[in-house]
Amino acid sequence: MRLVLLGAPGSGKGTQAARLKTALGVPHISTGDMLRAAVAAGTAMGLKAKAVMDAGQLVSDDILLGMLEDRLAQDDARAGFILDGYPRNLAQADALDQLLAKIGQPLDAVIKLEVPNEAIIGRCEIRFKAEGRADDNPDTVRKRLAIYAEQTAPVADFYARRGKLQVVDGVGELDQITIRIRQALQNEAAAAG
Ligand code: B4P
């Protein structure tokens with residue numbers, strides 16, 4: 001299974017990917033987690049990314065593509081993957097298409113988690129208080145939501161035009177949302193024959 005999870009920051013992509021990876025038997029590849037690991041390791045790239053992430057902006061497409069290419073080349077990704085946080089703009093969507101064509105691993109499904117902005121701001125505020133992630137600060141979350149609307153929302157249209165997009169309600173109990181996603185994947189598989 002090669003799956004992309006789309007959705008606004010804080011829509012629960014990472015939360016759901018962590019639950020789905022065992023059931024689907026594929027790794028959860030989160031570009032946000034990879035960037036945070038680079039920040040924690042203090043690499044040159046991590047230091048550069050930190051300021052951009054803390055400000056709620058998107059890290060450069062070149063850095064992300066290189067990182068993703070290396071990750072997809074690892075053995076465990078041969079069985080497939082759940083991609084969380086990538087693509088975040090149309091240039092990344094094009095780059096992903098080309099990369100997957102090059103390695104002969106086209107996407108099976110794209111799921112978008114839909115959550116109203118007010119709920120997202122509330123979730124991130126809870127995490128900000130619990131974990132102190134700078135980009136969960138309410139003002140920064142609003143900035144991230146604006147960037148999402150401007151740059152990432154068109155990515156959903158990009159996949160919808162190809163008949164690949166399934167939209168799932170991301171509000172409710174975690175178990176319920178996981179069930180909705182798995183149902184959407186079954187629908188996609190049935191439609192693909
Ligand atoms: P990400 O790590 O992708 O951060 P996110 O969007 O906040 O995570 P997600 O949607 O997975 O939400 P989560 O499950 O954690 O990106 C961080 C930054 O990295 C970006 O701003 C950018 O700077 C950079 N970056 C990453 N990828 C990039 C790319 N491709 N290009 C450029 N830059 C990139 O859930 C959020 C919270 O909600 C959690 O606390 C969770 O417990 C809670 N929650 C989840 N589901 C819930 C539910 N159903 N009900 C209530 N709470 C829920």
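Here is a walk through this structure, from its nonpolar cores to its ligand site. Keep in mind that the model is predicted.

Let's start inside. In soluble globular proteins, nonpolar side chains tend to be buried together. Here the largest nonpolar core has 27 residues, and the members that touch the most others are Leu68, Leu72, Leu83, Leu96, Leu107 and Tyr159. Two or more residues of this core come from each of β1 (2-7), α3 (44-54), α4 (61-72), β3 (81-84), α5 (90-102) and α7 (138-161). There's also a second, separate core of 14 residues, with Leu3, Leu20, Ala109 and Ala184 among them.

Tyr159 is worth a click. Leaving out residues up to four places away in sequence, Tyr159 touches Leu6, Pro87, Ala93, Leu96, Leu107, Val110, Lys164 and Leu165. Its sequence neighbour matters for the next bit: the count of aromatic pairs comes to one, and that pair is Phe158 with Tyr159. The arrangement is edge-to-face, with 5.0 Å centre to centre and 90° between the planes. Both Phe158 and Tyr159 are buried.

Now over to the ligand. It is surrounded by 31 residues, and the closest are Lys13, Gly14, Thr15, Gln57 and Arg127. Which polar contacts do the ligand's nitrogen atoms make? One goes to the backbone: a ligand nitrogen lies 3.1 Å from a polar backbone atom of Val59. Side chains join in too, with an N or O atom of Gln92 at 2.9 Å from a ligand nitrogen and one of Arg123 at 3.4 Å from a ligand nitrogen. On its own the ligand has 1,000 Å² of accessible area, and the protein covers 86% of that.

Notes: Residues are numbered from 1 along each chain as its sequence is written. This is a predicted model: local features need pLDDT of at least 70, side-chain atom pairs count only at pLDDT 80 or more; totals for chains, interfaces and linings use all residues. Side-chain values use heavy atoms; hydrogens and water are left out. A nonpolar core is a set of buried Ala, Val, Leu, Ile, Met, Phe, Trp, Tyr and Cys residues joined through side-chain atoms within 4.5 Å. Buried means under 20% relative accessible area, exposed over 50%, partly exposed in between (1.4 Å probe, protein chains only). Helices (H or I, at least four residues) and strands (E, at least two) are DSSP runs, numbered from the N terminus. Contact means heavy atoms within 4.5 Å. Rings of Phe, Tyr and Trp (its six-membered ring) pair if their centres lie within 6.5 Å; planes under 30 degrees apart count as stacked, over 60 as edge-to-face and the rest as tilted. A residue is near a molecule or strand if one of its heavy atoms lies within 4 Å of it. A polar contact is a pair of N or O atoms within 3.5 Å; within protein, one must be able to donate a hydrogen and the other to accept it, and residues adjacent in sequence count only if both atoms are side-chain atoms. Accessible areas come from the Shrake-Rupley method with a 1.4 Å probe; for residues, only the protein chains shown count as cover.
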